[in-house]
Amino acid sequence: MVGFVILGALAVLIAVVLIRTLTFRPKPLPPVKEENIELDREKIVADMVDMIRCKTVSNRDDSLVDRAEFEKFQILLENRFPLIHKSCTLTKIGKTGLLYLLKGRSSEKPSVCMAHYDVVPVNEEGWDTPAFEGIIENECIIGRGTLDTKGTLCGIMEALEKMLSDGFVPENDLYLSFSGEEEIDGTSCPEIVSYLEEHGVKPAIVLDEGGAVVKNIFPGVKKECALIGIAEKGGVNLKFSMDSEGGHSSTPPVHTICGKLAKAISNIESKPFKKRLTKPAKEMFDTMGRNATFPMRMVLANLWLFMPLLDLVGKKTGGELNAMIRTTVAITRMEGSEAYNVLPPSASFGANMRLISGDTIDSAMDYLKKTVDNDKIKIELVSGMNPSISSDTSCEEWGKLEKAIHETWTDALISPYLMMACSDSRHYCRITDRVYRFSAMRLSKEERAMIHGNNERIPIETLLKTVEFYVRFLKLL
């Protein structure tokens, strides 16, 4: 009798799982509006090349920053985009902030398009061609900043300049917000946000760098995906340290401070933070699951049953799936004695945490203190920020962004996702809950690896597509 009950319950469970899987289907997409957008390819390429030739390298040590290159870039914008500078009000804020305002027919639902024009340093020895000459090779523009994010900035400016030449007036006020300190977490962007806040501006939508149009990004999904970051994890740097009396290595204690710190590292890596299924992950799993192969669709249609399995896979494999569902800790620095035969008087290791929504700097540090389980290990906060809020995906503005993406990359799935990296856009979360992070480019895995790496480049066709996207997007605002 008990056996029949168990078999019956199992049959019901299997039936529920299969029914939920079979009804977990892709949502219908609206028809694509055919539109031929004529662009001045020669101008766009020339503008991008000259943007790359401005060596706008930011540095936390201000004495190492060449301000003349930043001024050169700003003058370039004035010369290459005369209609924007004639039609917009430009306010310079902070060290590098540029805030353009194009008045619309209404100020009720203002929008903000963001980018940054500073770039990270370059090790020229690792490049096949010079990083700041804007060389064109194999239909690609090569140079630091082509992808991160002068390409985006160029796309915004080219689109608006073209539209203004056609007599464009936006329905609502349009702001272009550019910073030259994003790579160093500088103050220009937060100062721009403070300026807008003081002037009573509450953006209906903010669009910044973030996800891209990518392939093979999610297991079981064969279509390319346009990923829109609707939240960012918080970035935190911690230092773990211990002191000792030092001494000669010939008569060591049973456990040196390096050994004790190593045990702390082992504890941290073997006891990951608890899983959290946040809004970005839920919505991404829903979109991807509906378009996945049957096994993955079954898992994501029935997370109530399979979430422990996903959690286990994340713990064992790490990587992006794991980072989507929990706060992560990466040990990135270690320091001890400078000599092999000397016990260090002090030793330390550094860790970078990425906080998921629901965790805070304080709660995460408390957890790590318990995990380390050694009161003699000092834990210091070096720098950090809490996770951003999650943006609304049920509003009209989200629909406008989806529409512009769908009409530009017609076959791409469009999905929210959780950004692991940090961007300037997080500062806007204090004045709006509609901050979206999407780099309007189709990028291969190889191209994504070039961001902050060697031989960064952008295919000319990719850049033109970025301009097309912004033409469509700005018309909808």
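I count Ala, Val, Leu, Ile, Met, Phe, Trp, Tyr, Cys and Pro as nonpolar, Asp, Glu, Lys and Arg as charged, and the others, Gly among them, as polar. The model I looked at is a predicted one.

**Entry 1: the largest pocket**

I sorted the lining of the largest pocket by these classes and got 17 nonpolar, 12 polar and 10 charged residues. The space inside this pocket comes to about 1,100 Å³. Its lining holds 39 residues, and Glu 209, Met 419, Met 420, Ala 421 and Cys 422 are the closest to the centre.

Which strand gives the largest share of this lining? I found that strand 7 does, with five residues. Strand 7 spans 205–214. Other strands that each supply at least two lining residues are strand 9 (234–243), strand 13 (346–355), strand 14 (378–384), strand 15 (413–419) and strand 16 (435–442).

**Entry 2: the second largest pocket**

I put the volume of the second largest pocket at about 560 Å³. It has 23 lining residues, with Lys 27, Leu 29, Thr 287, Glu 402 and Ile 414 nearest its centre. Helix 8 (279–290), helix 13 (396–408) and strand 15 are the elements that give two or more residues to this lining. Helix 13 provides the largest share, five residues. I sorted this lining too: 10 residues are nonpolar, five are polar and eight are charged. Strand 15 also appears among the strands that line the largest pocket.

**Entry 3: nonpolar cores**

I noted the general background that nonpolar side chains tend to be buried together in soluble globular proteins. The largest nonpolar core here has 97 residues, and the members that touch the most others are Phe 178, Phe 438, Phe 469 and Phe 473. Helix 15, residues 460–476, brings nine residues to this core, the largest share. I also found a second, separate core of 22 residues, including Phe 273, Leu 355, Ala 364 and Leu 368.

**Entry 4: a three-stranded sheet**

I traced an open sheet of three strands in the order 4-5-17, paired antiparallel. Its edges are strand 4 (136–137) and strand 17 (457–459), and each of these pairs on one side only. Strand 5, residues 140–142, runs antiparallel to strand 17 and is joined to it by three bridges. One residue I checked was Ile 141, whose bridge partner in strand 17 is Ile 458.

**Entry 5: around the sheet**

I looked next at the loops beside these strands. Glu 139 sits in the loop between strand 4 and strand 5. Its phi is positive, about 60°, although Glu 139 is not a glycine. Glu 139 has a relative accessibility of 48%, so it counts as partly exposed.

The loop between strand 5 and helix 5 holds Thr 149. Asp 148 and Thr 149 are joined by a cis peptide bond with omega about -15°.

I found a second positive phi at Asp 373, about 55°, and this residue is not a glycine either. Asp 373 is in the loop between helix 12 (361–372) and strand 14. Its relative accessibility is 65%, so Asp 373 counts as exposed.

**Entry 6: salt bridges**

I counted 35 salt bridges in the structure and looked up three of them.

The side chains of Arg 144 and Glu 456 form one, with 2.7 Å from N to O. How many residues apart are Arg 144 and Glu 456? The separation is 312 residues: Arg 144 is in the loop between strand 5 and helix 5, and Glu 456 is in the loop between helix 14 (445–449) and strand 17. Arg 144 is buried at 3% relative accessibility, and Glu 456 is buried at 1%.

Lys 43 pairs with Glu 158, the closest N and O atoms being 3.8 Å apart. This pair also links distant parts of the chain, with Lys 43 in helix 2 (residues 41–52) and Glu 158 in helix 5 (residues 150–165), 115 residues apart. Is each partner buried or partly exposed? Lys 43 is partly exposed at 25% relative accessible area, whereas Glu 158 is buried at 4%.

Lys 315 and Asp 311 also form a salt bridge, with the closest N and O atoms 3.8 Å apart. They lie four residues apart in helix 10 (residues 303–317), so about one helical turn separates them. Lys 315 is partly exposed at 45%, while Asp 311 is buried at 11%.

I closed with one network, in which salt bridges that share partners join Lys 43, Asp 47, Asp 50, Arg 53, Arg 80 and Glu 158.

Conventions:
Residues numbered from 1 in each chain as written. Predicted model: local features only at pLDDT ≥ 70, side-chain atom pairs only at ≥ 80, totals over all residues. Heavy atoms only, no water. 1 Å grid on protein atoms, 1.4 Å probe; cavity = no way out; pocket = protein on both sides within 12 Å on 5 of 7 lines; lining within 4 Å. Points joined across faces, edges and corners; volume = space filled by probe spheres on them. Core = buried A, V, L, I, M, F, W, Y, C linked by side-chain atoms within 4.5 Å. Buried < 20%, exposed > 50% of the residue type's maximum accessible area, 1.4 Å probe, protein only. Pairing = 2+ DSSP bridges. Salt bridge = Lys/Arg side-chain N within 4 Å of Asp/Glu carboxyl O.
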